[in-house]
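Here is a relaxed walk through one protein structure, meant for someone just starting out. Keep the 3D view open and follow along.

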Amino acid sequence: MAVMDVFLDRLDPDMCVVTAAAGGERAGCLVGFSSQCSIRPVRYVVWISDVNRTFRVARLADVLAVHLLARDRRGTAELFGGRSGDDVDKFRRVRWREAYGGAAVLEDAEAWFVGRVLERIAGGDHVGFVLEPVEWGGHGKTGGPLLRLADARTIAPGHPVD
Ligand SMILES: Cc1cc2nc3c(=O)[nH]c(=O)nc-3n(C[C@H](O)[C@H](O)[C@H](O)COP(=O)(O)O)c2cc1C
């Protein structure tokens, strides 16, 4: 059994898609490592692998957009998690609009927010982007079940892990 699998295999976080826009470029990837990290003020952290194209754009971005997906949005998860922006323009294949600070907001998200990047934290092979929410929207509690790790586990990451 690999290190910590006895613990890590029990986790089933909600998945999100994080998008970044900077310098005329857009990027986005599926993210399982994310959580609220402060109550007052509200802060949220998303962890982006330093090998992903999304990281290369996000490190230059002032804001990121974070989206929760409905469980039946498996196709969107496959696009953002199973393909790399190095090979395909993901934004030609989804409906999106520009929001606060030039952020790219996906139209079919269950819930989303745009966050200003306050800090970047070294976490190992992922970098934590601590976000201050500045704009948000979605279906609230009336929405259906969300896409979780258990629904996305079979997607092979689009960008090689190392
Ligand atoms: C189930 C699953 C969870 C993932 N979690 C993360 C994550 O937390 N952070 C991250 O940077 N990439 C994560 N990835 C990997 C990226 O979504 C994937 O490599 C993507 O294709 C990168 O696209 P990009 O090169 O356009 O940025 C995950 C992928 C899958 C399938």
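## Asp12, Asp14 and Arg148

Let's begin with one residue: Asp12 counts as partly exposed, because its relative accessibility is 28%, and anything from 20% to 50% falls in that class. Keep in mind as you look around that this is a predicted model. Asp12 has a salt-bridge partner in Arg148, and their closest N and O atoms sit 3.6 Å apart. So what does this pair tie together? Arg148 belongs to the loop between strand E9 (126–138) and helix H4 (149–152), while Asp12 belongs to the loop between helix H1 (5–8) and strand E1 (16–22), so the bridge ties together parts that are 136 residues apart in sequence.

Arg148 has another partner too. Asp14 also forms a salt bridge with Arg148, with 3.8 Å between the closest N and O atoms. Here again distant parts of the chain get linked: Asp14 is in the loop between H1 and E1, Arg148 is in the loop between E9 and H4, and the two are 134 residues apart. How open are these two side chains to the outside? Arg148 is partly exposed, at a relative accessible area of 34%, and Asp14 is partly exposed as well, at 35%.

## Other salt bridges

How many salt bridges does the structure hold? The count is 10. One of them brings together the side chains of Asp151 and Arg71, at 3.7 Å from N to O. This pair also connects distant stretches of the chain, since Asp151 is in helix H4 and Arg71 is in the loop between strand E5 (63–68) and helix H3 (74–82), 80 residues apart.

Asp151 is partly exposed, with 25% relative accessibility, and Arg71 is partly exposed too, with 43%. There is also a little network to look for: Glu25, Arg53, Arg56 and Asp86 are joined by salt bridges that share partners.

## The nonpolar cores

Now for the greasy inside. The largest nonpolar core is made of 21 residues, and the ones with the most contacts inside it are Val18, Val46, Ile48, Leu64, Val66, Phe129 and Leu131. Which elements each supply at least two residues of this core? They are E1, strand E2 (25–31), strand E4 (43–49), helix H2 (53–58), E5, strand E8 (111–122) and E9. The largest share comes from E1, with 4 residues.

Try clicking on Phe129. Leaving aside residues up to four places away in sequence, Phe129 touches a whole list of others, including Tyr44, Phe55, Ala58, Leu64, Val117 and Glu119. Apart from the largest core lies another one, with 14 residues, among them Met15, Val17, Leu30 and Ile155.

## Around the ligand

Next, find the ligand. It has 26 residues around it, and those that come nearest are Ser49, Thr54, Arg83, Ser84 and Gly85. Some polar backbone atoms are worth zooming in on. A backbone N or O atom of Phe33 is 3.0 Å from an oxygen atom of the ligand, and one from Gly81 is 3.2 Å from a ligand oxygen atom. Trp47 has a polar backbone atom 2.9 Å from a nitrogen atom of the ligand.

How much of the ligand's accessible area does the protein cover? On its own the ligand has 650 Å² of accessible area, and the protein covers 92% of that.

## Helix H3 and Thr76

Thr76 is part of helix H3. Is Thr76 buried or exposed? Thr76 is buried, because its relative accessible area is 9% and the buried class covers values under 20%. The side chain of Thr76 makes a polar contact of 3.3 Å with the side chain of Asp108. Not counting residues up to four places away in sequence, Thr76 touches Leu69 and Asp108.

Thr76 has buried company in H3: Ala77, Leu79, Phe80 and Gly81 are buried there as well. What covers the buried residues of H3? The cover includes E1, E2 and strand E7 (104–106).

## Back at the start of the chain

Finally, look at Ala2, in the segment before H1. Ala2 is partly exposed, with a relative accessible area of 47%. How far is Ala2 from Phe33? They are 31 residues apart along the chain, and their C-alpha atoms are separated by 19 Å.

Note on methods
Residues are numbered from 1 along each chain as its sequence is written. This is a predicted model: local features need pLDDT of at least 70, side-chain atom pairs count only at pLDDT 80 or more; totals for chains, interfaces and linings use all residues. Side-chain values use heavy atoms; hydrogens and water are left out. A salt bridge is a side-chain nitrogen of Lys or Arg within 4 Å of a carboxyl oxygen of Asp or Glu. Buried means under 20% relative accessible area, exposed over 50%, partly exposed in between (1.4 Å probe, protein chains only). A nonpolar core is a set of buried Ala, Val, Leu, Ile, Met, Phe, Trp, Tyr and Cys residues joined through side-chain atoms within 4.5 Å. Contact means heavy atoms within 4.5 Å. A residue is near a molecule or strand if one of its heavy atoms lies within 4 Å of it. A polar contact is a pair of N or O atoms within 3.5 Å; within protein, one must be able to donate a hydrogen and the other to accept it, and residues adjacent in sequence count only if both atoms are side-chain atoms. Accessible areas come from the Shrake-Rupley method with a 1.4 Å probe; for residues, only the protein chains shown count as cover.
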